[in-house]
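Student: I have a structure open and would like to learn how to read its features. Can you walk me through it?

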Amino acid sequence: MNTPARPRIVRGRRILTSAAESTNAIAMIGDRIVALGDSNDLLRQFPTAWVDDRGDAVISPGFHDAHLHLAMAAENELKLDVSPAHASTLTQLLDKVGAAAKDDPAQGWVRAVGYDDAKMPEGRVLTRWDLDTVTGNVPTIVLHVACHWGVVNSAALAAGGITDNSEPPSGGDFGRDGTGRLNGILYERALTDFAYAQGDVDGRTVVPELGLDERIAALGNVVRRWHAAGLTSVCDAFAGPADVRLFEAAREQGLLTMRVGFLLAAEHYDSVHRLGLRSGFGDDYLRFVGVKALVDGAVGGRTLLLEEPDHDTGHHGIQVLTREELAEVVQKVHGDGNRVCVHANGDRAIRLVLDEFETAQKKMPRPGLRHRIEHCSVVDEGILRRMNQLSAIAVPFGNYVHQHGSHLIDWYGEDRVERMFAHRAFLDAGVAVAGSSDFPCGAVEPLLAMQSMVTRTGWDGALVGSSQRVSPTEALAIYTAGSAVATGEEDRKGTLAAGRLADFVVLDEDPLDVPHDQISKIGVRSTFVGGVEVYARD
């Protein structure tokens, strides 16, 4: 016979039961909250409870990132970090890559991540010839921070059978110099086919997959770090079968202490279709949220599909899926009653997605089935109106103003950045909006994202699109309740209430009360998932 769990009362200076309401204590039994209110009243209600007094701490619902890449983050732990913090010039980057090539790289490949051309002082992009000078015949790939293009050396091109006469796949491109020679840059589907097993129906890529055991250990490290940032739930936004196996294996070993949803890459949907699985299949620790398709490129990579060309390249961007391919995915997934989650950054791409959502709903009405637009970066009044009518959910970048700063104005112009990452406009239009870092493309810390959304100030001090500022209360709601809506879990998480999961974060200060430019500096003391303390600051 099981002994009932002893009640636990957690007390603090202020407990934000939601972004708009507060109390000073919560009572838990097992993994659920059973009551809230004054701590003395709760103790009378639960006289055998253990009182956990957190002193002057402020407690918030656990932070929830509705779009990032957990499996990729685990893999990146095993790759060479050439982000600006570790390689601030091309010379430093090449020194690191060259050293890795001489150091018996895994499966004979050098894999580097985090390269950000916009923060390199040389003012030019890395090429295959740069890499060739330091890597020789060791195949090498350097992934751009946006993860929508990367640079490979000549040995890697040869391994993929790509020559100057090769034609890129539909929805992708090969970079070339002024004479037409390949410069080593792989854009969109050309990169996906080369390096991302999630986007290949057979899971086979030119770059070999890393071993499962080392990825499991790396995932455990990532989860522990993310708990330290206050995260209790995440949604991996581009998962293939190998990634789901990774999550399951990590769970079996007790390493998956974070709640994980996933968007299955559309290339693998046939298996879900045959099994008849529905969005929400799984449990509170691992669940199928929806199906991911990509229509265009990236903001930081300057490949998003725009109505008006960008200011940097003069291009309209790259359309990754044809309209016919997009229609096929949307109608099949929608027809099965599953949530469609389409990556669309540019305004032209978003309109394509809305066209197909509207067509699917008209042909096969599915009341209550709310599809998502991932990133949804450049909007206007027409887009907002259509999203509201469809009850579509926006999952924009929370941190990109901080991440890119004045570069956004250089790339897209002052007028357009007033319509980018439009948290204010989404809320005003009645569009549900979730929190997202898109890690590793952006910093994962939710408090930094909230500050970016509130201040609209970049890392370089630039004010970017100030009309889209939101209040701290709204920012917190986006990163808690809003993300729960985006994963279809608003009935169990996102707020602290009786019957809901006991997922919360213990903070040094009140994010609703500190100066706006200090939100990111608030310390995380502890993080709880299901009433269990999964992180405690030393």
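Tutor: Sure, starting with the vocabulary: helices (H or I, at least four residues) and strands (E, at least two) are DSSP runs, numbered from the N terminus. This is a predicted model, where local features need pLDDT of at least 70 and side-chain atom pairs count only at pLDDT 80 or more, while totals for chains, interfaces and linings use all residues. Residues are numbered from 1 along each chain as its sequence is written, and side-chain values use heavy atoms, with hydrogens and water left out.

Student: Let's try a helix. What phi does glycine 136 take just after helix 4?

Tutor: A positive one, of about 60°.

Student: And which residues of helix 4 are buried?

Tutor: An α-helix has 3.6 residues a turn, so residues three or four places apart point the same way. Buried means under 20% relative accessible area, exposed over 50%, partly exposed in between (1.4 Å probe, protein chains only). In helix 4 (residues 128-135), Arg128, Asp130, Leu131 and Thr135 are the buried ones. Their arc around the axis is only 155°, so they sit on the same side of helix 4; the arc is taken from the directions from the helix axis to the C-beta atoms.

Student: What covers the buried residues of helix 4?

Tutor: The cover includes helix 3, strand 9 (140-144), strand 10 (149-152), helix 5 (154-159) and strand 12 (182-188).

Student: Next, the core. Which residues touch the most other members of the largest nonpolar core?

Tutor: In soluble globular proteins, nonpolar side chains tend to be buried together. A nonpolar core here is a set of buried Ala, Val, Leu, Ile, Met, Phe, Trp, Tyr and Cys residues joined through side-chain atoms within 4.5 Å. The largest has 82 residues, and Leu70, Leu219, Trp226, Phe247, Ile373, Met387 and Phe426 touch the most other members. Helix 11 (residues 347-363) gives the most to this core, seven residues. Another core, of 35 residues, lies apart from it, and includes Ala118, Leu157, Tyr196 and Phe421.

Student: How do I read a pair of aromatic rings?

Tutor: You describe a pair by the distance of the centres and the angle of the planes. Rings of Phe, Tyr and Trp (its six-membered ring) pair if their centres lie within 6.5 Å; planes under 30 degrees apart count as stacked, over 60 as edge-to-face and the rest as tilted. There are 10 aromatic pairs in this structure. Take tryptophan 109 and phenylalanine 194: the centres are 6.2 Å apart and the planes at 70°, so this pair is edge-to-face.

Student: Where do tryptophan 109 and phenylalanine 194 lie?

Tutor: Tryptophan 109 is in the loop between helix 3 (90-101) and strand 8 (110-115), and phenylalanine 194 is in helix 6 (residues 189-195), so the pair ties together parts 85 residues apart in sequence. Tryptophan 109 is buried at 7% relative accessible area, and phenylalanine 194 is buried at 2%.

Student: Last one: is serine 437 buried or exposed?

Tutor: Serine 437 counts as buried, at 0% relative accessibility. You'll find serine 437 in the loop between helix 16 and helix 17 (446-455).

Student: Which side chain does the side chain of serine 437 make a polar contact with?

Tutor: That of aspartate 65, at 2.7 Å. A polar contact is a pair of N or O atoms within 3.5 Å; within protein, one must be able to donate a hydrogen and the other to accept it, and residues adjacent in sequence count only if both atoms are side-chain atoms.

Methods
Contact = heavy atoms within 4.5 Å.
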